[in-house]
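Some questions about a structure are best settled by working through its contacts and accessible areas one step at a time. The exchange below takes up a ligand site, two individual residues and the nonpolar interior.

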Amino acid sequence: MPSVLPDGDPVPASGELPPSALDGLGSRPFGFYVHVPFCLTRCGYCDFNTYTAAELGPGASQRDYASTAIEEVRLARRVLGDAAPPVETVFFGGGTPTLLPPEDLVRILGAVDEEFGLAPGAEVTTEANPESVTQHSLEVLRDGGFTRVSFGMQSASEHVLTVLDRRHTPGRAGTAVQEARKAGFDHVNLDLIYSTPGETDDDWRASLDAALAAGPDHVSAYSLIVEEGTRLAARIRRGELPMPDDDVAADRYLIAEEMLASAGFRWYEVSNWAVSDEARCRHNLLYWTGGDWWGVGPGAHSHVGGTRWWNVKHPAPYAARLASGESPGHAREVLTADDRAVERLMLELRLATGFPLADVRPSARPACAKALADGLLEVEPFKSGRAVLTLRGRLLADALIRDLA
Ligand SMILES: C[S@@+](CC[C@H](N)C(=O)[O-])C[C@H]1O[C@@H](n2cnc3c(N)ncnc32)[C@H](O)[C@@H]1O
Ligand code: SF4
């Protein structure tokens, strides 16, 4: 979640949604995102809405955060009412959710279960920094109903971790995966970042080797994005570090695909690979396929039935609003049918299941025909007329999607 929030229409103090949003609630999968806006230190490349200060004001500091977040879960129940279905997926993201005591995360999950009910076999994920968990904390999370953990490994190379300002040693992510397995987690993801300034092809291969040796069932690999306003952007501007190069990033993506595929991982979204369908992240699939979710926490975004809203950014006004019984919603927008069609293409085209050719807008059909002719898209007969990115198409996905949207 980027830290700059867009403008939009006002959100009523009650948080009430337009009737169109509640139409069909329950016919789409429903999930919760819980943002935990705290980190021990801020990594130089990171633009997420997160704070390192211990004191942020009443209800907003780490020790009070679980109770504040639970207030928003209760608000969600009042707003969505009895038509809300059981929750299929819950995702705790950050920031660093595992900076909070594991009991606090379990307490927030318990409130979601109490207010809405968790669907049988619900997926419950937490992001975690490798250095922010212990065998014990992972066991508390697993016993408390968490089913999946996603570690920010980023790299196995010490000099790359230094450029990224990461706090963990190269080996810590692998040990954390072993601890998670021992605690009973069947689903473990490792996040990796490639094309960091100073990283070589061999560094990247070594990171992939180390990630695979740790035995996750899911890997996310992201090209380093230089976000405006970050320390990394300033260092690049001053000439201390080179700008990541697009051609280098493309080569690293090809290395990732080759090594992950050889190890039995299949891509299911441009930046995501899993060993089986069960190992895919159901929560992210819910985002990418137009599901409904409520985002709890400062700056968190929500989407229900074509209405999208986002909370105030700073934890202090966020907590103050909830303490006075008001929605922390900062602004919202009701998506038009056209907005939704564009958004659907932008998300579904990144998936290995592709996008139905018949739904490509007439104005984008020439660009689509060209992408098929150029070998960026292919139509797989068994996917019944859906256009799927080829490997070369995956390298150029952002530009191609802009042309087709
Ligand atoms: C915001 S972090 C939250 C989880 C946890 N605090 C961590 O750092 O692992 C989620 C993931 O986003 C990715 N990420 C964050 N900023 C990024 C950037 N500027 N470029 C590429 N990936 C980024 C990292 O891979 C990270 O693991
Ligand atoms: S630990 Fe994660 S969320 Fe926190 S600053 Fe680093 S990348 Fe961002």
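Q: How far is an oxygen atom of ligand 1 from an N or O atom in the side chain of Arg 166?
A: In this predicted model, Arg 166 is among the residues that come nearest to ligand 1, out of the 17 residues around that ligand. A pair of N or O atoms counts as a polar contact within 3.5 Å. The pair formed by an oxygen atom of ligand 1 and a side-chain N or O atom of Arg 166 lies at 2.8 Å.

Q: Which residue offers a polar backbone atom to a nitrogen atom of ligand 1 at 2.8 Å?
A: A nitrogen atom of ligand 1 is also 2.8 Å from an N or O atom in the side chain of Asn 129, but that partner belongs to a side chain. The polar backbone atom at 2.8 Å from a ligand nitrogen is supplied by Gly 95.

Q: How much of the accessible area that ligand 1 has on its own does the protein cover?
A: The shell around ligand 1 draws at least two residues from each of strand E4 (148-154), strand E5 (187-194) and strand E6 (218-223). On its own, ligand 1 has 550 Å² of accessible area, and the share covered by the protein is 92%.

Q: Is Cys 39 buried or exposed?
A: Cys 39 sits in the loop between strand E1 (30-36) and H2. Beyond its neighbours within four places in sequence, Cys 39 is in contact with Thr 50, Tyr 51, Thr 52, Gly 95, Thr 96 and Leu 99. Its relative accessible area is 12%, and because the limit for this class is under 20%, Cys 39 counts as buried.

Q: Which backbone oxygen does the side chain of Arg 172 reach?
A: Arg 172 is placed in helix H6 (residues 172-183) and is buried, with a relative accessible area of 17%. Setting aside neighbours within four places in sequence, the contacts of Arg 172 are Pro 130, Glu 131, Val 133 and Glu 179. At 3.1 Å, the side chain of Arg 172 reaches the backbone oxygen of Val 133.

Q: Where does the largest nonpolar core lie with respect to domain 1 and domain 2?
A: This core has 92 residues, and those with the most contacts inside it are Phe 32, Leu 80, Phe 151 and Trp 294. Its largest share, nine residues, comes from helix H2 (residues 62-80). Since residues are given to this core by both domain 1 (19-288) and domain 2 (336-405), it lies between them.

Conventions
Residues numbered from 1 in each chain as written. Chains lettered and ligands numbered in written order. Predicted model: local features only at pLDDT ≥ 70, side-chain atom pairs only at ≥ 80, totals over all residues. Heavy atoms only, no water. Helix = DSSP H or I, 4+ residues; strand = E, 2+ residues; numbered from the N terminus. Buried < 20%, exposed > 50% of the residue type's maximum accessible area, 1.4 Å probe, protein only. Polar contact = N/O pair within 3.5 Å; in protein donor to acceptor, adjacent residues only side chain to side chain. Contact = heavy atoms within 4.5 Å. Core = buried A, V, L, I, M, F, W, Y, C linked by side-chain atoms within 4.5 Å. Domains from an automatic or database assignment. Near = heavy atom within 4 Å. Areas by Shrake-Rupley, 256 points an atom, 1.4 Å probe, with all protein chains shown as cover.
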